[in-house]
Amino acid sequence: MRLLAVELADFRNVAGALVVPHPRCNVFHGDNGQGKTNLLEAIFLVGTLTSFRASRVEEMVRFGATFARARARVERSGLERLYEVEIATQPARKVARVDGKSVRATADYFGGFNVVLFAPDDLQLPRGAPGERRRFLDRAVWNAEPALLREAQTYARLLKSRNALLRTPDAARLDDLLEVYDAQLAAAGAAIVARRRRYLGALAPRVAVAFERITKSGLPLCIGYRTRQQGSDGELAAELSAALRADRRKDFARGFTSAGPHADDLELTLDGRPAGLYGSQGQLRALVLALKIAEIEQLDEVLGDAPILLLDDVSSELDEARNADLFAFLREVRCQVFITTTHPAHVLLHPDPGARCDFRVTAGTIARS
Ligand SMILES: Nc1ncnc2c1ncn2[C@@H]1O[C@H](COP(=O)(O)OP(=O)(O)O)[C@@H](O)[C@H]1O
Ligand SMILES: [Mg+2]
């Protein structure tokens, strides 16, 4: 899949921009604070309907404006489509359209084009909080399997209701009601655990191979899914249900639900030890790079088409050797790539200048350079 054109209007500091990207590599350079990440955020928003940094959609509307719009014309398997997201501030809302027709349910929007983002924050993943790793994992899973989105929404809704119930006065007397919630929550949770586990099962060997290719260290890297549920897919709901029942008193006391996919984690083990605790910085960076490479390869295989790759200032965070590994991968991969950098000289892309296009970003304007 390829972006043929990207258009922004009143999106963050970009009043208006039309970018016609190269089918392979696009490098956006400029000083800090000029709008490079804003452009990637807009592309990511059009691809996923979420931002990777705004907590509220209206943050993305240019100061003083009431609407923002981001559009992408996308080619996939010979078919062209126009994906569009519009954000209003008063009241705050987001409208998504495909070929001009608004799409109601978020889940109906997906599958048209896929983006994978690699940003400096990702490098903190092995040492970061479990919630970050779950988000990373879910983002990867849902890119390959959009059905996760609805399952996750259902689960989040049920979990919120159960937690609210746990906090009501005299909640201990609500056992019967809790029984009903638990059955639904267990079924919804089991679907997520099964999906994440299956996805990671397929990803793990790819990550190990990519890691060895990068580090040539011979150290075994294992990635897996850490959960209290150990049964087969068919047993998960019953197992989760039993865990919810067993934890019920504790949950009442704490006011939230202990067991379930919201408490699980992505497990990263290097040479038999938790990577986040014992890995060197270089190893952890190679690990994250390997995770990203594996995610892209797997997506390429599942979709039969390479995703669009967004790299936000990553080369500035990597040492020279890791950078060379990254660009060696980028030269091979079939993705259309969008890279931002403050130092274009660090971007060791294609030796063939015909495979790349450079843009300069200055105070919200984006121009070929
Ligand atoms: N809603 C907004 N309206 C106008 N400008 C914004 C908005 N949100 C962020 N900005 C501006 O965007 C700039 C940051 O852009 P960013 O893309 O992160 O820079 P960089 O080029 O370093 O990646 C800052 O100058 C910030 O003030
Ligand atoms: Mg930036």
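Helices (H or I, at least four residues) and strands (E, at least two) are taken here as DSSP runs, numbered from the N terminus. The model is predicted, and so local features need pLDDT of at least 70 and side-chain atom pairs count only at pLDDT 80 or more, while totals for chains, interfaces and linings use all residues. Residues are numbered from 1 along each chain as its sequence is written, and chains are lettered from A and ligands numbered from 1 in the order in which they are written.

**Ligand shell**

Ligand 1 is surrounded by 16 residues, of which Arg12, Asn13, Lys36, Thr37 and Asn38 are the closest; a residue is near a molecule if its C-beta atom, placed from the backbone, lies within 6 Å of it. Helix α1 (residues 36-48) gives the most to this shell, contributing three residues. By character, the shell holds three nonpolar, nine polar and four charged residues, where Ala, Val, Leu, Ile, Met, Phe, Trp, Tyr, Cys and Pro count as nonpolar, Asp, Glu, Lys and Arg as charged, and the others, Gly among them, as polar.

**Backbone exceptions in loops**

Most residues other than glycine have a negative phi, and most peptide bonds are trans. The bond from Gln90 to Pro91, however, is cis, with omega near -5 degrees, and Pro91 lies in the loop between β5 (79-88) and β6 (93-98). Two residues other than glycine with positive phi are set side by side below; for their exposure, a residue is buried if 20 or more other C-beta atoms lie within 10 Å of its own, exposed if 12 or fewer, and partly exposed in between, with C-beta atoms placed from the backbone.

| Residue | Phi | Loop | Other C-beta atoms within 10 Å |
|---|---|---|---|
| Leu49 | near 65 degrees | between α1 and β4 (67-76) | 18 atoms, partly exposed |
| Lys216 | near 45 degrees | between α5 (175-215) and β9 (221-226) | 8 atoms, exposed |

**A three-stranded sheet and helix α9**

Three strands form an open antiparallel sheet in the order β9-β10-β11, two strands being paired if DSSP finds at least two bridges between them. Its edge strands are β9 and β11 (273-274), each of which pairs on one side only. Strand β10 (residues 265-270) is joined to the antiparallel β11 by two bridges, and Leu270 stands opposite Arg273 in β11.

Helix α9 (residues 281-303) has 23 residues and, at 1.5 Å a residue, should span 33 Å, which agrees with the 33 Å between its end C-alpha atoms; the expected span is 1.5 Å times one less than the number of residues. Just after α9, Gly304 takes a positive phi of about 70 degrees.
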